[in-house]
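Here is a quick tour for anyone opening this structure for the first time. Have a look at it, then read on.

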Amino acid sequence: LRPEEIEAMCGLGVIGSIPDDKSVKRSLFNRNPVVYESPYSKSSVAFSEIAARLVGIEYRKPRMVRLRRVLRR
């Protein structure tokens, strides 16, 4: 579903989306939160951005995220 469709069905605004990511499946298998299992994955960064919006703080992406993703594999 597109964000507009979700907003129309729920009557609320969409504050973010979590991309499909292999690290989510891996973290579920290991029973660990994805933000701990793979903190630099696309899904972890998206979760962190949404959490920051919810509490009203500014979120800064970690430096050199792409390099860190490669090194953690």
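## How confident is the model?

Helix α5, residues 65-72, has the lowest mean pLDDT among the elements of the protein, at 65, while helix α4, residues 42-55, has the highest, at 94. Keep in mind that this is a predicted model. For the protein as a whole, the mean pLDDT is 88, and 88% of the residues reach 70 or more.

## Salt bridges

Now for the charged side chains. Side chains of opposite charge can pair when their charged atoms come close. How many salt bridges does the count come to? The count comes to four. Here are some of them, with the distance between the closest N and O atoms where the pair is listed.

| Pair | N to O distance |
|---|---|
| Arg2 and Glu4 | 3.4 Å |
| Arg2 and Glu5 | 3.9 Å |
| Arg60 and Glu58 | 3.7 Å |

Let's take Arg60 and Glu58 to begin with: their side chains meet in a salt bridge, and both residues are exposed. Over at the other pairs, Arg2 is exposed as well, with a relative accessible area of 51%. That counts as exposed because the cut-off is over 50%. Its partner Glu5 is partly exposed, at 32% relative accessibility. Shared partners join Arg2, Glu4 and Glu5 into one salt-bridge network.

## Val14 and a nonpolar patch

Next stop is Val14, which sits in the loop between α1 (3-10) and α2. Is Val14 buried, partly exposed or exposed? Val14 is partly exposed, because its relative accessible area is 34%. Which residues does Val14 touch, once neighbours within four places in sequence are left aside? Val14 is in contact with Pro3, Ile6 and Glu7. Pro3 is eleven residues away from Val14 along the chain, yet their C-alpha atoms are separated by 6.3 Å.

Val14 also helps to make a nonpolar surface patch, together with Leu1, Ile6 and Met9. The patch covers about 410 Å². Another member, Leu1, has its place in the segment before α1. Leu1 is exposed, because its relative accessible area is 75%.

## Ser27, tucked into a helix

What about Ser27? You'll find Ser27 in helix α2, which runs over residues 22-30. Is Ser27 buried or exposed? Ser27 is buried, because its relative accessible area is just 3%, and buried means under 20%. Setting aside its neighbours within four places in sequence, Ser27 is in contact with Asn32, Pro33, Val34 and Glu37.

## Arg31, with a positive phi

Last up is Arg31, which lies in the loop between α2 and α3 (34-37). What is the phi of Arg31? Arg31 has a positive phi of about 60°, although it is not a glycine. Arg31 counts as exposed, because its relative accessibility is 77%.

## Putting it together

So what should you take away from the tour? Ser27 in helix α2 is buried, whereas Arg31, in the loop between α2 and α3, is exposed. Leu1 and Val14 both belong to the nonpolar surface patch, and Arg2 belongs to a salt-bridge network with Glu4 and Glu5. When you look at helix α5, remember its mean pLDDT of 65.

Methods
Residues are numbered from 1 along each chain as its sequence is written. This is a predicted model: local features need pLDDT of at least 70, side-chain atom pairs count only at pLDDT 80 or more; totals for chains, interfaces and linings use all residues. Side-chain values use heavy atoms; hydrogens and water are left out. Helices (H or I, at least four residues) and strands (E, at least two) are DSSP runs, numbered from the N terminus. Buried means under 20% relative accessible area, exposed over 50%, partly exposed in between (1.4 Å probe, protein chains only). Contact means heavy atoms within 4.5 Å. Patches are made of residues with over 30% relative accessible area and no salt bridge: like charges are joined within 9 Å, nonpolar side chains (Val, Leu, Ile, Met, Phe, Trp, Tyr) within 5 Å. Accessible areas come from the Shrake-Rupley method with a 1.4 Å probe; for residues, only the protein chains shown count as cover. pLDDT is the predictor's confidence in each residue, from 0 to 100.
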